[in-house]
Amino acid sequence: MAAKKVLKCLAGLVVFTFAAWPVLAVPCESLIATKLPNTTITSANTVAAGAFTPPTPGGPATAASQFSTLPPFCRVTATLTPSSDSDIKVEVWLPISGWNGKFQAVGNGGWAGSISYPALALALKGGYATASTDTGHTGNGAAFALGHPEKLIDHAYRAVHEMTVQSKAIIDAYYANSATLSFWNGCSLGGRQGITEASRYPADFDAIVAGAPALNAMLLHAARVAINYFAHRSPDSYIPPEKYPMIHSAVLQACDALDGTKDGVIEDPRQCHFDPKVLACKGGDGPMCLTAAQVETARALYSPVTNPKTGAVLFPALLQPGSELGWNVLAGPQPLGLSSDAFKYVVFKDPNWDWHRFDAATDIDLAVKQDNGLLNQTDPNLKPFFDRGGKLLMYHGWADPQVTPLNAVNYFNDVVHTVGKDTVGKSIALYMVPGMNHCQGGPGTDNFDKMGAIEQWVAKGTAPHKIIASHLTNGTVDRTRPLCPYPQVAAYKGTGSTDDATNFVCKTR
């Protein structure tokens with residue numbers, strides 16, 4: 001009996017040692033000779049600890065510090081050409097030691113156009129073999145798509161799939177063992193990329209983290225342009241940013257305490273029925289009131305986008321109460337550049353197209369028609385992915401000023417309706433984050449361990465009943481809260497600090 005216990009302990013030690021110190025099948029530099037379909041490996045080099053510098057340095061100091069603390073790794077760069085007009089750049093980073101035996105691919109933002117180096121760094125430090133792609137072009141705009149339909153397909157879905165397939169092959173070539181699990185981790189465009197993978201290529205990943213997913217992308221672009229156009233419909237309809245804090249304060253005054261705590265965060269903005277009319281100017285325009293036209297603009301920002309001629313709802317409300325400090329993203333001096341690009345280079349195929357010519361009555365439908373389902377990911381049938389045991393963890397900030405939070409809520413509900421309620425907690429889970437902006441930031445608890453949550457889910461078979469999240473001010477945690485699986489919300493128990501997650505419980509309203 002004692003001998004069996006010793007053997008069991010030794011077996012566990014062997015497994016741990018292998019995971020911490022992977023057996024390398026070949027030296028890093030020899031990967032340059034690896035032959036893969038439609039792939040040219042352009043470099044394979046060992047990078048010493050802390051020696052990596054991004055090819056295009058810049059960004060905040062916090063991003064630069066991510067690279068100075070990297071462990072040594074094998075860096076592989078490649079160009080993928082699944083079509084005659086493809087030019088997809090990919091990087092695969094492989095831990096030389098300490099590999100956890102798993103693969104984590106990371107997503108992009110906007111129109112992509114670059115390798116996601118900070119996300120690669122974070123994954124590598126977590127012990128993962130990791131990969132990123134520029135999706136087949138350079139620059140975070142849509143000019144690449146003009147006259148290049150194959151490049152648009154690459155960006156829409158093919159680049160991520162090809163990267164995933166070839167990255168797994170490179171991992172197989174470098175290590176003596178294949179990855180035991182494959183994860184996707186992305187937000188915004190990266191959230192859409194992950195869900196598109198689950199829909200189109202259900203065998204690519206075992207588990208997917210999809211934050212603030214920019215689903216229905218072409219319709220989203222059209223709605224953004226439409227709302228900005230409406231905000232500028234008359235000389236006095238535009239709301240200057242100087243008025244945002246005043247509006248935000250009024251919203252909090254009306255709705256902050258609805259969830260039982262007055263903390264500067266609205267738990268579920270859909271329960272807030274704030275009417276901007278209460279801020280209407282009594283006389284002339286002033287810094288602490290809204291003109292009649294501005295009242296209508298504010299109402300429109302909280303409302304679904306409709307056809308101005310028929311009144312038909314075309315897209316859910318882009319902004320929720322609590323998002324006012326970020327209104328400049330969609331209701332600023334001009335439409336979001338990402339969305340203007342969609343019309344210039346994909347819909348009208350005219351670089352000189354001017355958003356002042358936008359007509360919501362015709363151009364929204366035209367955009368969807370021109371896209372023909374390429375960017376407009378809407379398919380809720382994830383049964384093939386779920387049948388393989390796939391897990392989809394979604395999250396979205398309720399104060400997101402760029403991608404409507406209802407994107408995540410509506411898609412989650414559509415998937416559950418299509419595939420079945422028994423998938424909730426087993427195959428799909430959504431965590432809404434009160435007060436969080438686009439992917440991060442805002443007064444909400446926007447810091448939480450996404451990969452830890454999905455790893456826990458895969459290991460235990462059930463989605464986390466709560467995820468502890470924190471808010472930081474100047475690098476110091478000043479609030480923690482549980483993020484609850486939708487449709488549950490965090491409810492205050494009635495005693496103790498409202499800045500401590502232990503004083504909240506997840507429950508359905």
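In what order do the nine strands of the open sheet lie? I read the order as β1-β2-β3-β5-β4-β6-β7-β10-β11, with mixed pairing. I note that the model is a predicted one.

**Entry: sheet edges and twist.** I looked up the edge strands and found β1 (39-47) and β11 (428-433), each of which pairs on one side only. The twist averages 15° from one strand to the next.

**Entry: pairing around β4 and β5.** I went through the neighbours of β5 (residues 129-133). Strand β3 (residues 88-95) runs antiparallel to β5, and four bridges join the two. Here I found Glu91 opposite Ser132 of β5. On β4 the sense is parallel, with three bridges between β4 and β5. Strand β4 (residues 102-106) also pairs in the parallel sense with β6 (residues 181-187), over five bridges. I then checked Ala105: its bridge partner in β5 is Ala131, and its bridge partner in β6 is Trp184.

**Entry: cover of β5.** Is β5 mostly covered or mostly open? I have it as mostly covered, with five of its five residues buried. In a regular strand the side chains alternate between the two faces of the sheet. I sorted β5 by side: Ala129, Ala131 and Thr133 are on one, Thr130 and Ser132 on the other, and all are buried.

**Entry: helices on the sheet.** I found helix α13 (residues 406-419) lying across β10 (391-397) and β11, at about 160° to β11. Helix α14 (residues 450-460) also packs on the sheet, where it touches β4, β6, β7 (207-211), β10 and β11. I noted about 150° between the direction of α14 and that of β10.

**Entry: α6 against α8.** Next I looked up the packing of α6 (residues 217-231) and α8 (residues 292-301): the angle is about 170° and the axes are 9 Å apart. The angle is over 145 degrees, so I enter the two helices as roughly antiparallel. The crossing of α6 past α8 is left-handed. From α6 I listed Ile227, Phe230 and Ala231, which meet Glu296, Thr297, Ala300 and Leu301 of α8. I count five of the residues in this contact as nonpolar, one as polar and one as charged.

**Entry: Ser340.** I placed Ser340 in helix α10 (residues 337-347). Why does Ser340 count as buried? I enter Ser340 as buried because its relative accessibility is 10%, and the cut-off is under 20%. Leaving aside neighbours within four places in sequence, I find Ser340 in contact with Val225, Pro335 and Trp353.

How values were computed
Residues are numbered from 1 along each chain as its sequence is written. This is a predicted model: local features need pLDDT of at least 70, side-chain atom pairs count only at pLDDT 80 or more; totals for chains, interfaces and linings use all residues. Side-chain values use heavy atoms; hydrogens and water are left out. Buried means under 20% relative accessible area, exposed over 50%, partly exposed in between (1.4 Å probe, protein chains only). Contact means heavy atoms within 4.5 Å. Axes are lines fitted to C-alpha atoms, for helices over the stretch in contact, and angles run from 0 to 180 degrees between N-to-C directions. Angles under 35 degrees count as roughly parallel, over 145 as roughly antiparallel, 65 to 115 as roughly perpendicular and the rest as oblique. A crossing is left-handed if the near helix is turned anticlockwise from the far one by less than a right angle, and right-handed if clockwise. Ala, Val, Leu, Ile, Met, Phe, Trp, Tyr, Cys and Pro count as nonpolar, Asp, Glu, Lys and Arg as charged, and the others, Gly among them, as polar. Two strands pair if DSSP finds at least two bridges between them.
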